[in-house]
Amino acid sequence: LLLVRRKGLRMMLVNGSSVPAQQKVFAATEDGIALFAKPIKHLKLKVDIFVIASVVVNPGTGCRVGEPAILEELEYKALREARAVDSETLVVSTVHEAGVIDSVPRLLRSEVSVDLIFTPTGAITVENPAPKPLGIAFAKVPKPLVESVPALRKMQGGMGLSPSEIEVAHDLDLDRRTLRQRLRRRRRNEPSSAAAKSLAFEVSAMHVEQLPEFQRAACVRTGMDEATFRIRLAVLWTGKKLLVPNPRSHDLVVLDAMKIYPDQVYFAVTAEGVEALGEPVTIDAGLRVDLFVISSTALNPANGCRVGSEENSDDFDYRLLRELRALDDATPVVTPVDEAAIMDDIPSKGVPCHEVPVDIVCTPRRTLRVEAALPRPRGVHWSEVPAWLADT
């Protein structure tokens, strides 16, 4: 029996014994599932193996980082609520060899640890799997997701554990070890690897998501570059407002998580999604930005002085929002960067005055807080705005 999820948390069941031998491969595809799968009204079966996707995974503890756009974590917890899975259910993950990292900490309590890992070169049995979630903490599930999935609404009505019970069950004293050694080794071996670069962005973004400033924020501004892709997803998945520049018009637009359906989130953070779903920011919008995420080419962690990219409008957006009084000196500015971008010899006098200094630096292996950040621009210096940007 193959149990799959289609739209939302709608569980479907494919009975392998009823599928003709010549159609078994087709039955496992999306079109085949639509043809052969049958909906389950009452989940009274026992799941023996739960297969889950991972970006990176620790072979010692099974701690992993999943894909924010996939509902597998929530699916596991929903099945746990329904008693279809328990502590005896084997959790298996397939991952690329480069994604097996023995220093992955448990950054999120909601991440489901695994018991068995399959890579292209073989299988790895996890010796000491970390405890798995016991249920759903509804306080952390976006309201649009709950409202769009009948099963979640029913569970929220009294079937599952309370958020406090789940938090107590997972209040673990886990070491948050860094990824320094493995990332450095990977860089030496594959200095131009796209996989290594993507992994660095993923881990830097994870550190941003764990910041108290991010967790408290109701509205977060990010750019539209690759380094902030996971952060954009996390903003919407945690029910916040996402402020981004429209890549085509360069206007600032707002994406409100409460107005976006769960199956639209992945599309919403793309250039096409921003243009289709974003709401333009007006002067009288009364917007308040709680966290400003900015990209950097290089920076000095001692004073927050940085060199931005000419390919985006991060610095201009900051100054424009300052003009609109949407942020001030108390608004934290954070940048996710690769470790190679850290340079202690960047002088503040050698950088254009319109570059916005930062308060917090997140790299794949550490989070740095700037002790003596430089003053920030208080508005727009129109003489320094590129003509192409002013015309738009």
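The conversation below goes through the helices, strands and selected residues of this predicted model.

Reader: What should I know about the model before we start?
Author: This is a predicted model, in which local features need pLDDT of at least 70 and side-chain atom pairs count only at pLDDT 80 or more, while totals for chains, interfaces and linings use all residues. Residues are numbered from 1 along each chain as its sequence is written, and side-chain values use heavy atoms, with hydrogens and water left out.

Reader: How many helices and strands does the protein chain have?

Author: The protein chain has 14 helices and 19 strands. Both are DSSP runs numbered from the N terminus: helices are H or I with at least four residues, and strands are E with at least two.

Reader: And what share of the residues is buried?

Author: Of the 392 residues in the protein chain, 49% are buried. Buried means under 20% relative accessible area, exposed means over 50%, and partly exposed lies in between, with a 1.4 Å probe and protein chains only.

Reader: What about contacts along the chain?

Author: Among contacts with a separation of 6 or more, 69% are between residues 24 or more positions apart. Contact means heavy atoms within 4.5 Å.

Reader: Let us turn to the sheets. What is the strand order in the open sheet of four strands?

Author: The order is S4-S7-S8-S9, with mixed pairing. Two strands pair if DSSP finds at least two bridges between them. Strand S4 (49–53) and strand S9 (122–125) are the edge strands, each pairing on one side only. From one strand to the next, the twist averages 25°.

Reader: How many bridges join S4 to S7?

Author: Five bridges join S4 to strand S7 (residues 90–94), and the two run parallel. Ile49 stands opposite Leu90 in S7. Helix H3 (residues 72–81) packs on the sheet and touches S4 and S7, with its direction at about 160° to that of S4. Axes here are lines fitted to C-alpha atoms, for helices over the stretch in contact, and angles run from 0 to 180 degrees between N-to-C directions.

Reader: Do S8 and S9 pair in the parallel or antiparallel sense?

Author: Strand S8 (residues 116–119) and S9 pair in the antiparallel sense, over four bridges. Phe118 has Ala123 in S9 as its bridge partner. A hairpin of two residues joins S8 to S9.

Reader: Now the open sheet of eight strands. Which strands stand at its edges?

Author: The order in this sheet is S13-S12-S11-S10-S14-S17-S18-S19, with mixed pairing. Strand S13 (279–280) and strand S19 (367–369) stand at the edges; each has a single partner strand, so one side of each is left without a neighbour in the sheet. Further in, three bridges join strand S10 (residues 219–221) to strand S11 (residues 241–245), which run parallel. Arg221 has Leu243 in S11 as its bridge partner.

Reader: Which strands does H10 lie across?

Author: H10 lies across S10, S11, S12, strand S14 (291–293) and S17, running at about 145° to S11. H13 also packs on the sheet, touching S10, S11, S12, S14 and S17, and its direction makes about 160° with that of S14.

Reader: Why is H10 described as largely enclosed?

Author: Eight of the nine residues of helix H10 (residues 229–237) are buried, so the helix is largely enclosed by the rest of the structure. Among the buried residues are Arg230, Leu233 and Trp237. Gly239 follows H10 and has a positive phi, near 80°.

Reader: On to single residues. What is the nearest side chain of opposite charge to Asp256?

Author: That side chain is Lys241, 4.5 Å away; Asp256 is buried yet has no salt bridge. A salt bridge is a side-chain nitrogen of Lys or Arg within 4 Å of a carboxyl oxygen of Asp or Glu. Lys and Arg count as positive and Asp and Glu as negative, while His and the chain ends are not counted. Asp256 lies in strand S12 (residues 252–256).

Reader: Is Arg325 buried or exposed?

Author: Arg325 is exposed, with a relative accessible area of 68%. Arg325 lies in the loop between helix H13 (314–323) and strand S17 (333–336), and has a positive phi of about 60° although it is not a glycine.

Reader: Which residues does Ala37 touch?

Author: Not counting residues up to four places away in sequence, Ala37 touches Met12, Leu13, Val14 and Gly32. At 10% relative accessibility, Ala37 counts as buried.
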